[in-house]
Amino acid sequence: MRLVTYRRSIEAEARLGVLVDDLVVDVAILGERAGSPMPSRMLDFIRLGPVAVTELGHLLQEAGGRWPVDGALPLAGVTLLAPIPRPDKNVFGIGLNYIDHVAESAAALDTSPDLPKQPVIFSKPPTSVIAPGEPIVHRADITQQLDWEVELAAIIGTTAQRVTRENALSHVFGYTVLIDMSARDCRRAGQWIYSKGQDSYCPMGPCIVTADEIPDPQTLDLWLTVNGVEKQRNNTSHMLFKVDELIADISQGITLEPGDIIATGTPEGVGAGRNPQEWVWPGDVIEAEVVGIGKLRHPVVAG
């Protein structure tokens, strides 16, 4: 199941939809017509737990393609927002989680060449999240080293506190695509939040694919291009710490709640690791995909 947050028009409220072929079916309207109330917001839907996904599946099956007149719109005719437009908490970020990225970062960014013994965790504030297609803002007065990172993001579905690796994935609601934009020259005394947490530095979307459709998140290809030139291509099987390990590790000390987002790290190929180093500038276009989930495309603009 592919869930989106969408607007019918610029002035319209953000609503929860489910993608069916080339249509966005409004979840709340579908439920209302069937006499089974459903939320109109993604976070409210996630908080209902696994029963919500099951019930929505039943509603879609019962509809059999006969959608409410005002409850299904062509995908091309709506505006997609980030699936969770304003997360309740900071996005959890994971640094140095692909072996080759550890090596390129050590050479270019003065990080340790040794493989991390535990996940390296940072965060990106909710204000950094932007919708598919929205511009990434390049502030020349702040950075001259704006870099890219394509990532798989896991969305927590049920509260996870001190969970084991064996049952960690049972707490996942679904997965989406995230670009972790990073101003490399804005790191401060080893801290990354200002480097990675600036406004527009967390493009996310275009949808959340529910976990039942991705039983193994360690089998997904992901790639990123700048102006059509491939910069990153890899597979999530090469993560140093797998998704279940990340959830188990974080939850030992920080309770994960429904709607929390974990960006699981990026593979090698970032601009800082190239020789000579490469950065993005106003006028550039970044495209990224996690195959099986979706693609993002974002222009870079001066701000």
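At 84% relative accessibility, over the 50% cut-off, Ala189 counts as exposed. That is a handy place to start a tour of this predicted model, since Ala189 has something odd about its backbone too. Ala189 is not a glycine, yet its phi is positive, at about 50 degrees. You'll find Ala189 in the loop between strand S13 (182-183) and helix H6 (193-196).

**Backbone oddities**

Some background helps here. Most residues other than glycine have a negative phi, and most peptide bonds are trans. Ala189 has company in going against the first habit. Asn227, also a residue other than glycine, has a positive phi near 55 degrees. Asn227 sits in the loop between strand S15 (221-226) and strand S16 (229-235). With 45% relative accessibility, Asn227 counts as partly exposed. Then there's Asp110, placed just after helix H4, with a positive phi of about 60 degrees. Helix H4 itself covers residues 99-109, and its buried residues are His101, Val102, Glu104, Ser105 and Leu109.

Which peptide bonds are cis? One joins Gly205 and Pro206, with omega at about -5 degrees. Pro206 is part of strand S14 (residues 202-210). Another runs from Asn275 to Pro276, and its omega is near 0 degrees. Pro276 is in the loop between strand S17 (261-263) and strand S18 (285-290).

**The whole protein**

Stepping back, the protein has seven helices and 19 strands. Its radius of gyration is 19 Å, close to the 19 Å that the globule rule gives for 303 residues, so the protein is as compact as a globular protein of that length. If you're picturing its outline, the C-alpha trace spans about 60 × 45 × 30 Å along the principal axes.

How much of the protein is buried? Buried residues make up 55% of the 303 residues. On the outside, the protein exposes about 12,800 Å², and carbon and sulfur atoms supply 51% of that area. As for charge, there are 25 positive and 39 negative side chains, and the centres of the two sets lie 3 Å apart.

The chain also brings distant stretches of sequence together. Among contacts with a separation of 6 or more, 75% are between residues 24 or more positions apart.

**An aromatic pair**

A search of the whole structure turns up two aromatic pairs. One of them is made by Phe45 and Phe173: their ring centres are 6.1 Å apart and their planes meet at 80 degrees, so the pair is edge-to-face. This pair links distant parts of the chain, with Phe45 in helix H2 (residues 42-47), Phe173 in strand S12 (residues 172-179), and the two positions 128 residues apart. Are these two residues buried or exposed? Both Phe45 and Phe173 are buried.

**Three residues to click on**

Ala82 is in the loop between strand S5 (79-81) and strand S6 (91-95). Despite being in a loop, Ala82 counts as buried, at 3% relative accessibility. Leaving out residues up to four places away in sequence, Ala82 touches Thr5, Val129, Ile130, Ala131, Pro132 and Met204.

Tyr194 belongs to helix H6. At 33% relative accessibility, Tyr194 counts as partly exposed. Apart from neighbours within four places in sequence, Tyr194 is in contact with Ile142, Cys186 and Arg188.

Ser9 lies in the loop between strand S1 (2-7) and strand S2 (15-20). Its relative accessibility is 30%, and Ser9 counts as partly exposed.

Each of these residues can be set against a partner far along the chain, as in this table.

| Residue | Partner | Places apart along the chain | C-alpha separation |
|---|---|---|---|
| Ser9 | Val78 | 69 residues | 6.8 Å |
| Ala82 | Val150 | 68 residues | 16 Å |
| Tyr194 | Val69 | 125 residues | 46 Å |

To try this in the viewer, pick Ser9 and Val78, whose C-alpha atoms are separated by 6.8 Å. Then pick Tyr194 and Val69, where the C-alpha atoms are 46 Å apart.

Notes: Residues are numbered from 1 along each chain as its sequence is written. This is a predicted model: local features need pLDDT of at least 70, side-chain atom pairs count only at pLDDT 80 or more; totals for chains, interfaces and linings use all residues. Side-chain values use heavy atoms; hydrogens and water are left out. Helices (H or I, at least four residues) and strands (E, at least two) are DSSP runs, numbered from the N terminus. The radius of gyration is taken over C-alpha atoms; the globule rule is 2.2 Å times the number of residues to the power 0.38. Buried means under 20% relative accessible area, exposed over 50%, partly exposed in between (1.4 Å probe, protein chains only). Contact means heavy atoms within 4.5 Å. Accessible areas come from the Shrake-Rupley method with a 1.4 Å probe; for residues, only the protein chains shown count as cover. Lys and Arg count as positive and Asp and Glu as negative; His and the chain ends are not counted. The place of a charge is taken as NZ of Lys, CZ of Arg, CG of Asp or CD of Glu. Rings of Phe, Tyr and Trp (its six-membered ring) pair if their centres lie within 6.5 Å; planes under 30 degrees apart count as stacked, over 60 as edge-to-face and the rest as tilted.
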